[in-house]
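Me: I would like to go through some local features of this structure, one at a time. Please give the reasoning before each result.

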Amino acid sequence: MDTRCYHAGGPLQYGDIEEFNGLLCIVCPWHKYKITLAEGEGLYQAVDDPTAKPLRTYWRSKGVKQRIHKVTEVNGDVYVTLNNSSEAIESDVYQTEEYRALVYKRQSRPRSKE
């Protein structure tokens, strides 16, 4: 999948992989958003009746939010086929050269001493 989270551009390479409702997900290290590895769906915990005691939650999909790519392993070699679909996906905004330049500019600024 693309390396930056669809929500706010968090670095997914530093996220943990966990299972939610039988689905393997990457958990964004910035805001704990859960994204399925297989489909790129954003997951959230839903509640049908917020007045019920005890509160019962369950996992629901927000739909596909993160662009994923096909990974194939052949005789120990790994191949990635990029998803070049023209359909816009929310994570696309954080995968651009414009966004990378902005991040680089922020990181290279001298920090003030307080």
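**Cysteines and a loop glutamine**

Reply: In this predicted model, C25 has a relative accessibility of 0% and is therefore buried.

Me: How far is the sulfur of C25 from the closest cysteine sulfur, and in which residue is that sulfur?
Reply: A disulfide requires two cysteine sulfur atoms within 2.5 Å. For C25 the separation is too far for a bond. The closest cysteine sulfur lies 12 Å away, in C5.

Me: Is C5 buried or exposed?
Reply: A residue counts as buried under 20% relative accessible area. The relative accessible area of C5 is 0%, so C5 is buried.

Me: How many disulfides does the rule give?
Reply: The cut-off for a pair of cysteine sulfur atoms is 2.5 Å. The sulfur of C5 has its closest cysteine sulfur in C28, at 3.9 Å, which is too far for a bond. C25 does not qualify either, because its closest cysteine sulfur is 12 Å away. The count of disulfides is 0.

Me: Where is Q66 found, and is Q66 buried or exposed?
Reply: Q66 belongs to the loop that lies between β5 (57-64) and β6 (70-74). Its relative accessibility is 0%, so Q66 is buried.

Me: Which backbone nitrogen does the side chain of Q66 reach?
Reply: Contacts of Q66 beyond four places in sequence include M1, D2, R4, C5 and Y6. A polar atom of the Q66 side chain lies 3.2 Å from the backbone oxygen of D2. At 2.9 Å, the side chain of Q66 reaches the backbone nitrogen of Y6.

How values were computed: Residues are numbered from 1 along each chain as its sequence is written. This is a predicted model: local features need pLDDT of at least 70, side-chain atom pairs count only at pLDDT 80 or more; totals for chains, interfaces and linings use all residues. Side-chain values use heavy atoms; hydrogens and water are left out. Helices (H or I, at least four residues) and strands (E, at least two) are DSSP runs, numbered from the N terminus. Buried means under 20% relative accessible area, exposed over 50%, partly exposed in between (1.4 Å probe, protein chains only). A polar contact is a pair of N or O atoms within 3.5 Å; within protein, one must be able to donate a hydrogen and the other to accept it, and residues adjacent in sequence count only if both atoms are side-chain atoms. Contact means heavy atoms within 4.5 Å.
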